[in-house]
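This report considers strand pairing, salt bridges, polar contacts and nonpolar cores in one protein chain. The sequence and the structure are shown first.

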Amino acid sequence: MKQSVTNFLTFLFLICFMNLFVAYGQEKDTIVRHNVLDEVVVTGNRTLVNRNNVPMNITVVGRSEIENSSESALLPVLSERVPGLFVSERGITGFGVASGAAGGISIRGIGGSPNTQMLVLIDGHPQFMGLMGHPLPDAYVASDVERVEVVRGPASILYGTNAMGGVINIITRKQNREGFSLNARAMGGSYNTQKYMANVGGRKGRVNGYVSVNHDRTAGDRENSAFHITNGFANIGCELSKHFSLRADVSIADFRAENPGQITAPLFDNTVDVLRGVTSFTVANNFKHSDGALSFFYNWGYHEINDGYKTGEKPLNYRYHSRDYNYGILFYQIVRMWKGNMLTLGFDYKSYGGKAWNHFLTETPDKVMVDTSAYDLGGYAILQQNLFKDVLTLNAGVRLEHNEAFGNKWIPQLGLALRPTENFVIKSSFSKGFRNPTIREMFMWAPANPDLKPEEVTNYEVVLEHTFFKKKMNIEVSGFIADGDNLIQTQIIDGNPKNVNTGSFKNKGVEVAFRAALCSKLDIGGNYSWLYMKIPVQNAPERQLYANVNFHTKRWQLNVGYQYINGLYLTTGKETKQEDYGLLSAKVSFKPWKVLTIFAKGENLTREKYQIIDGYPMPGAIFFGGLHLSINR
């Protein structure tokens, strides 16, 4: 064990030494980017680069798409617009936590239950519940988001544990231009659903700031399915000099969700009260041949859950409580040693854990289930080189991850991007991902097993992308094979349930995405994905299709979308259940004045009867109407 730690610290020292040696004394120059789709990303390499220079398969969902949806929650927008990504829902709005919760995310059939194989980031910082290891879907608010970059495939080389199936990087809004902006929206609709939003941003010289508040509530489409949430978000940035800048942000989410249970076995008083907080502080540098950042993040949560009771049962005499945290330090530096070269070097430290206990309503003392923590220490190096006048880009990297319980793990990645013409790109990659066992799996409840090992996946991928008609149309086709091993499953051993490393999977599929601007007033887009799973999993459909038509004039806008889901697994095993459904939605907007928009929208307009979670029928047609005020000065 001591030798493993020594080797790991030596690796980190070499990375830091190389950072300082190459970056010392360098200054900023003009950044020239090779534009194929005029779309840049940060998630695949931690710096702003053209999407087609990154071997990872990345989908970008921009601000205009998020705004057009009028959604308050972010994940339903991604579920439509990212091929191969699916998010479970159980009602008109709100996801909840614990048993019966929705918000399960899967990409290419990888997600887990709870959702621990998909990593959500906010501005590059990992977000997950410290004890359970899953993201908190209700805390991700659409109005606070500038854009979202989704890595479809393993991204553990950069982000470590939980990035086994992919990454959703939520990039928050900032006031980038001089002046002042104000946005406010109020909308209401079916089942007494109300949604309110207001945000304000400002920039003067080197200082900028942004503040946002949201509130949603609904009575729910079933008895005992009410939900309400209040979110607040703020950030501030300052350019200290030509080379250095600071940024800090904080967000709070307070929500209460009711779970009505399955329609055939209703629950009463099954409620969750959750308070979540996120904060981060970043110092960034930018020189002629180098840029990077040092950041600190801290996430925390307090959960109180009443597990409820069924018909004929008595109310419970206790409440489940938990406090959790997830904090860390991230550092990376990117150096460009010669033309077409980019070397990314970095390390990160993450600590997570908390305390969980049952609080009794009588004089019985609290029963503590767990009070512990764990940490990960990781270092990585990624080398990227453009060759033959930027026709070919080669990318290779490795990560060394150390965990106090599981020791060291090496994570490699190889990739290339070939551009035979300006409008055609071929990308291919080999990557590995992993997920460390959560504290829940190792120490909580009957199946707990402290001797678990990390889960692993190996991914092979090819992407073809082409633009037509002066970049007004774009088509992307992807093929992948993912082999998973060492999966954690609960089995009966010696008459008792126990978590063990025994599962495996082999998923493969094809994904297609397209978009086109047919004229100045009409654009279309959509995606299709086909997934084969040797071992089916819940929350993963075999086929997905989404198509969108957007017609807009100076005052009017009409947006129509259709989503088709085929072969969605509601249950697996001996009694496999699958669901097929198609959902038609539409939104019409009118601007009587430059600053005001009036809109109306409808979802499931054909009144399709369907379920996403077994036993939770989704509502029929639902309608909303509202006003949006936007002022920029």
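Contact here means heavy atoms within 4.5 Å. The model is a predicted one.

**Nonpolar cores**

With neighbours within four places in sequence left aside, L78 is in contact with V61, L85, V148 and I168. Two of these partners, L85 and I168, recur in the description of the largest nonpolar core: together with L78, they touch the most other members among its 43 residues. A second core, separate from the largest one, has 26 residues, including L119, V151, Y352 and F434. As a general tendency, nonpolar side chains are buried together in soluble globular proteins.

**Strand β10 and its two partners**

Strand β10 spans residues 179-189 and runs antiparallel to strand β11, residues 193-204, to which 11 bridges join it. These two strands form a hairpin with 3 residues between them. Within the turn, Y191 has a positive phi of about 60°. Strand β10 is also joined to strand β34, residues 622-632, by 9 bridges, and this pair too is antiparallel.

Which residues pair with L182 in the two partner strands? In β11, V200 stands opposite L182. In β34, the bridge partner of L182 is I631.

**Salt bridges**

The structure holds 26 salt bridges. Three pairs are set out below.

| Pair | Closest N to O distance |
|---|---|
| K174 and D123 | 3.8 Å |
| E542 and R543 | 4.0 Å |
| K601 and E603 | 3.2 Å |

The salt bridge between K174 and D123 links distant parts of the chain, its residues being 51 residues apart. K174 lies in the loop between β9 (166-172) and β10, whereas D123 lies in the loop between β6 (118-122) and β7 (125-127). K174 has a relative accessible area of 24% and is partly exposed; D123 is likewise partly exposed, at 24% relative accessibility.

In the pair of E542 and R543, E542 is partly exposed at 22% relative accessibility, and R543 is partly exposed with a relative accessible area of 31%.

Is K601 buried or exposed? K601 has a relative accessible area of 9% and is therefore buried, the limit for that class being under 20%. Its salt-bridge partner, E603, counts as partly exposed at 22% relative accessibility.

Beyond these pairs, salt bridges also form a network. Its linked members are E39, R51, R108, R152, E461, E465, E476, E511 and R515.

**The surroundings of Q385**

Q385 is located in strand β20, which covers residues 367-387. With a relative accessible area of 16%, Q385 is buried. Which side chains make polar contacts with the side chain of Q385? One is the side chain of W338, at 2.7 Å. Another is the side chain of N341, with a polar contact of 3.2 Å. Apart from neighbours within four places in sequence, the residues in contact with Q385 are W338, K339, G340, N341, L392, T393 and L394. Both polar partners, W338 and N341, thus appear in this set of contacts.

**Summary**

In this predicted model, β10 pairs with β11 and with β34. Q385, a buried residue, makes side-chain polar contacts with W338 and N341. L78, L85 and I168 touch the most other members of the largest nonpolar core.

Definitions and conventions
Residues numbered from 1 in each chain as written. Predicted model: local features only at pLDDT ≥ 70, side-chain atom pairs only at ≥ 80, totals over all residues. Heavy atoms only, no water. Pairing = 2+ DSSP bridges. Helix = DSSP H or I, 4+ residues; strand = E, 2+ residues; numbered from the N terminus. Salt bridge = Lys/Arg side-chain N within 4 Å of Asp/Glu carboxyl O. Buried < 20%, exposed > 50% of the residue type's maximum accessible area, 1.4 Å probe, protein only. Polar contact = N/O pair within 3.5 Å; in protein donor to acceptor, adjacent residues only side chain to side chain. Core = buried A, V, L, I, M, F, W, Y, C linked by side-chain atoms within 4.5 Å.
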